Amino acid sequence: MVAAFNARASGYVPAPTVGEVASVNGIALHAAGDRPDDDSLRQRACGELLRQEAIRQDLLDAGDVAGDAGAQSEAATSAIEALLDRTLVVPQPDEATCRRYYEQNDNRFRAGERVSLRHILFAVTPGIDVAQLRRRAEAALLDARCRSDDGEDRFPSLARELSNCPSGAEGGVLGWLQAQDCAPEFAREVFDQSEIGVLPRLVHSRFGLHVVEVLARQPGTLLPYESARGAVAQMLQQQSYVTAVRQYLQLLAGSADIRGVDLDAADSPLVQ
């Protein structure tokens, strides 16, 4: 592959030229002049690699056409699933591995953890200028972390002024919550942590950007290993599956002609 991958092996990755259409083995990943963002482009490239391999292995009709905007046909989606089932070898974690993971990650297997929170929501709505919204959220985060000279708690007034959540009227108070009360991506940032106070980062969720303050924590109860064993095994197997997919994609990419997209820097779901 003359493009990204071979070039990367020599330590140099050429930047896409202006107007260049990214492609995998000559199949365009987007229309000219309609280049998606880098993450979307990497996802399309990974999907196209798998689609073409499914065709090569006679799992998909050669007449299957790559969809617009990276969308796969239903037949292609099924063929890719069959391809991965056929190809990937995902080992089952043994007992010693499961027990070691449990002992090293006991915070993941606690039930009943509660966190008292305040937040300021900057909602992402259709048509909004996300870059400008982020700047407003970052300014609010900085303001919330810096109390005034007389020690004034600025969080409630900022929430009332800026938050797009009804809780803003109450100073952003959400009360005591458990992880299942929150969107998963929000819970991952807040629970199973030790931080108290205004978090030094914006929390991203499907609703937008959040400035979050943890007021207090109540730890949960550690589940016995026997109760957590199934969840441990699933987590480990999922990790192995993701690793196997990533390695398989790297193998496919190594023998493909990929132009205009750098998969080596990928952090898309397909190549994590």
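Here are five short exercises with worked solutions on a predicted model.

**Exercise 1: Reading ring pairs**

Task: Find out what kind of aromatic pair Tyr101 and Phe109 form, and how the rings of Tyr102 and Tyr225 are arranged.

Solution:

- Step 1. Let us start with what we need to know: a pair of aromatic rings is described by the distance of the centres and the angle of the planes.
- Step 2. The structure holds three aromatic pairs. In one of them, Tyr101 and Phe109, the centres are 6.4 Å apart and the planes make an angle of 70°.
- Step 3. Ring centres must lie within 6.5 Å to pair, and planes over 60 degrees apart count as edge-to-face. Tyr101 and Phe109 are therefore an edge-to-face pair.
- Step 4. Now try Tyr102 and Tyr225. Their ring centres are 5.3 Å apart and their planes stand at 70°, so this pair is edge-to-face.
- Step 5. Look at where these two tyrosines sit: Tyr102 belongs to helix H4 (residues 95-104) and Tyr225 to helix H8 (residues 225-254). With 123 residues separating them, the pair links distant parts of the chain.

**Exercise 2: The surroundings of the rings**

Task: Decide whether Tyr101, Phe109, Tyr102 and Tyr225 are buried or exposed, and find which charged residue sits over the ring of Tyr225.

Solution:

- Step 1. The cut-off to use is 20%: a residue under 20% relative accessible area is buried.
- Step 2. Tyr101 has 11% relative accessibility, so Tyr101 is buried. Phe109 has 3%, so Phe109 is buried.
- Step 3. Tyr102 has a relative accessible area of 10%, so Tyr102 is buried. For Tyr225 the value is 5%, so Tyr225 is buried.
- Step 4. Put the rings together: ring pairs link Tyr101, Tyr102, Phe109 and Tyr225 into a cluster.
- Step 5. Finally, look for a charge. The charged end of Arg99 sits over the ring of Tyr225, at 4.0 Å from the ring centre.

**Exercise 3: Describing the largest pocket**

Task: Describe the largest pocket by its volume, its lining residues and their classes.

Solution:

- Step 1. A helpful idea comes before the numbers: rolling a probe the size of a water molecule over the atoms shows where empty space is left.
- Step 2. For the largest pocket, the volume is about 320 Å³.
- Step 3. Its lining is made of 14 residues. Those nearest the centre of the pocket are Arg108, Glu113, Ala179, Phe191 and Asp192.
- Step 4. Two elements give two or more residues to this lining, namely strand S3 (110-111) and helix H7 (184-190).
- Step 5. Sort the lining by class, and you get four nonpolar, five polar and five charged residues.

**Exercise 4: Exploring the nonpolar core**

Task: Find which residues of the largest nonpolar core touch the most other members, and which element gives the largest share.

Solution:

- Step 1. The largest nonpolar core has 27 residues.
- Step 2. Leu29, Leu49, Leu50, Tyr248, Ile258, Val261 and Leu263 touch the most other members.
- Step 3. Helix H2 (38-56), helix H3 (74-87) and H8 are the elements that give two or more residues to this core.
- Step 4. H2 supplies the largest share, with seven residues.

**Exercise 5: Backbone angles and long-range neighbours**

Task: Locate Asn25 and Asp58, classify their accessibility, and then find how many residues along the chain lie between the partners Val214 and Val115, and Glu213 and Arg118.

Solution:

- Step 1. Asn25 is not a glycine, yet its phi is positive, at about 50°. Asn25 is in the loop between strand S1 (23-24) and strand S2 (27-28), and its 39% relative accessibility makes it partly exposed.
- Step 2. Asp58 is not a glycine either, and has a positive phi of about 60°. Asp58 is in the loop between H2 and H3. Its relative accessibility is 69%, so Asp58 is exposed.
- Step 3. Move on to strand S8 (residues 208-218), which holds Val214. Val214 is buried, at 1% relative accessibility. Val214 and Val115 are 99 residues apart along the chain, with 6.9 Å between their C-alpha atoms.
- Step 4. Glu213 is in strand S8 and is buried at 8% relative accessibility. Glu213 and Arg118 are 95 residues apart along the chain, and their C-alpha atoms are separated by 5.1 Å.

Technical notes. Residues numbered from 1 in each chain as written. Predicted model: local features only at pLDDT ≥ 70, side-chain atom pairs only at ≥ 80, totals over all residues. Heavy atoms only, no water. Phe/Tyr/Trp six-rings, centres within 6.5 Å; stacked < 30°, edge-to-face > 60°. Buried < 20%, exposed > 50% of the residue type's maximum accessible area, 1.4 Å probe, protein only. Helix = DSSP H or I, 4+ residues; strand = E, 2+ residues; numbered from the N terminus. Lys NZ or Arg CZ within 6 Å of the ring centre and 35° of its normal. 1 Å grid on protein atoms, 1.4 Å probe; cavity = no way out; pocket = protein on both sides within 12 Å on 5 of 7 lines; lining within 4 Å. Points joined across faces, edges and corners; volume = space filled by probe spheres on them. Nonpolar A, V, L, I, M, F, W, Y, C, P; charged D, E, K, R; others polar. Core = buried A, V, L, I, M, F, W, Y, C linked by side-chain atoms within 4.5 Å.
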